[in-house]
Structures are given as structure tokens and as C-alpha cells.
Amino acid sequence: MGRVIHTGQVVIDLTLRLKALPEPGGDVFADDAGMHAGGGYNVLYAARQLKVETVFAGTMGSGPFTEVAVEALSAIGVRHVGAYVPGDLGYCVAITDANAERTFISTRGAETRDPLDAFDALAFEADDVLYISGYSLENSGNRRSLERLVERLTGTVPCRVVFDVSPVVGEAPLEALEKISGLHPLWSVNEREAAILAQRLGAEEAGEAASSGSDAVVAPEATRARALSARLGEVLARAGSLGAWYCVDGGEAVHVPPLPVQAVDSNGAGDAHSGVLCAALARGMDLPEALRWANVAGALSTTAYGPATCPSEARIREAVGLLR
């Protein structure tokens, strides 16, 4: 069994649940509120649900938020091997409305100040899965340390790489994305991220041209996954209740079926999907099976309130069996 090695960021989530966001200048009271370890913690928690050894290589700080994060990682058995820098971790205000739609407002803290050599000591085995977050490209310090790791691994990629592009893909430098592509990762995107990435790469036009010669009805999500994969190699396009599409090198987009659920909170669903996908691959599952497990985990996570709501391995296994 391999390990999941996470190079992203852990922050603190201040979660609010309310009926609807107020109009500008307005005020509403939340129906529920909480404080939890968040950001990369949600992926780490999901990976640990499959009892895979999970390592966090991101940067920590000092202060009350860092203490919450350190205690949370210890409670789920995640080993922190990253740096510590002055200042506390940042926080994210995560707002979920009555339609289970989520909105985020984030601050920057110690997690955005990776030392340049932050990942120099990381060593990888063939069965490991390296998880990279697009949030690491949002700040110059983190970007430089990640690019240093990428340059070290390019040409002799030692393990499977999963790149979760994150909601900030629109701001990530194209040069940095190009460097990461040298690791031949599995690019994981949701619908919004796929649209932004396709526009930035000019991949939508290529997808339309590729699908114009067939009379078959093709889901737009599948077309976009195919277009992106023609540029990026291996792409997983997640589409919520519609499931997901997986495509390699512009070939046929394979549909990964959804698990029908009654969603109440979508916060953390993508993280549950990514964490279980990485853990399943680290356990040696083939990709189609790992994708089924990830889809089920993401769907079930939306049936409970909170960001770290990935279900147990037993519950995932049972639901996967229902889809066969």
C-alpha cells in the first residue's frame, strides 16, 4: 500500500449555514455556525477514511488557529512533515445557503509562506500518490517551492500525481500550469474550473471541432473533458449530480455514474472526492474503480453538514456495490 502525500494548505474554516446571502448592506443571522480545520484538511480526512498512510507536507504557523489544525491532524493520524513559519494560519468563511450552494471568503496566513526548500526532503515510492492543489499557485512563495519540487521530479516522475486545480485556476500563471503538466498528472476539475481552464487554454474550440462530425448527442461536460484532455493528457471532469467524465489524450470521454442523493451541503464534496481518489489509487485500485469510490464519497459527503464529511470506508463500499 502506498501513501498519500499532500503538498497543499491547511486553514481554519469558519462555517455559516443560512437561507440566503443578504443583499449588499443587509444583515442576516446564520442558522448554524462552527469552526473546523479546513482547506487541505478535508482531503487528508477523506484519505484517512480509507486507512491509507497520509502525510501533510504543507507549512504551519504559530497561534490559536495553528493549534486547532495540529490537534485535528493528530486526531486523524496524519503526520506533518512540513515547515513552521512565524504567524498564524489563515481562515476561510464558508457560507452554505438553502440550495446547498457554497460561497467562500478567505484570508492569507502562514500556509501561504512555504520556504523555498519546503519539499526538498520529500522522497517518493512507486505506490505513493502525490496530491497537488491549485491553491499552491495562488501565492508567489508557495508557487516557487512547488515549482522547485516539480522541476526535481520532471522527467523521472516517481509516483502517481493528482492535480486538483481548485477554484483559483483562473489566476494561476499559465507557465506554472505548463510546468505541472510535465508531471503528467490526472487533472481534476469541476464544471466551473473546467470552463475557466478550457477558455484559458483555447481548448473549447478544439472540443467543438472534434465532436462536430458525429450525430450522437454528447453531454457538454464530456465534450469539455475531451477537449481539455487533448491539451493536458489525463482529465477528470466532475459534474456533481451528473457524475464525472474521464478522458485521456482527447479520446472518448468515459462517464463515471453518480450516486443519487439529497444534498444539503456541498461544502467539501470536491475534497472528499479527491481524498478518496488518492487513497484508492494508493491502495492499488485500478483507475475506474478508484473513480467510482471517489464519486460515491463526494456524493455522500453532501448529505451531511460540514466541510469534512467524507463517509466511512464501509459506507462507501456499500454504496459502490449499489451502482454495479
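On one side of helix α4, E175 and E178 are exposed. Opposite them sits a buried set made up of A176, L177, I180 and S181. Keep in mind that this is a predicted model. Here's a quick tour of that helix, then of a four-stranded sheet and the helices lying across its strands.

**Helix α4 and its surroundings**

- Helix α4 covers residues 174-181, with A176, L177, I180 and S181 buried.
- Looking down the axis of α4, you'd find its buried residues within an arc of 145 degrees, so they line one face of the helix.
- That buried set packs against two helices, α3 (140-153) and α5 (191-201), plus the strands β8 (129-133), β9 (160-164) and β10 (186-190).

**The open sheet**

- The sheet is open and has four strands, ordered β3-β2-β6-β7, with mixed pairing.
- Its edges are β3 (32-39) and β7 (102-106); each has a single partner strand, so one side of each goes without a neighbour in the sheet.
- From one strand to the next, the twist averages 25 degrees.
- Strands β6 (residues 91-96) and β7 run antiparallel and are joined by five bridges.
- In that pairing, V93 stands opposite I105 in β7.

**Helices across the strands**

- Helix α1 (residues 40-48) lies across β2 (10-17) and β3, and runs at about 80 degrees to β3.
- Helix α2 (residues 64-75) lies across β2, β3 and β6, and its angle to β3 is about 70 degrees.

Terms used. Residues are numbered from 1 along each chain as its sequence is written. This is a predicted model: local features need pLDDT of at least 70, side-chain atom pairs count only at pLDDT 80 or more; totals for chains, interfaces and linings use all residues. Side-chain values use heavy atoms; hydrogens and water are left out. Buried means under 20% relative accessible area, exposed over 50%, partly exposed in between (1.4 Å probe, protein chains only). The arc is that of the directions from the helix axis to the C-beta atoms. Contact means heavy atoms within 4.5 Å. Two strands pair if DSSP finds at least two bridges between them. Axes are lines fitted to C-alpha atoms, for helices over the stretch in contact, and angles run from 0 to 180 degrees between N-to-C directions.
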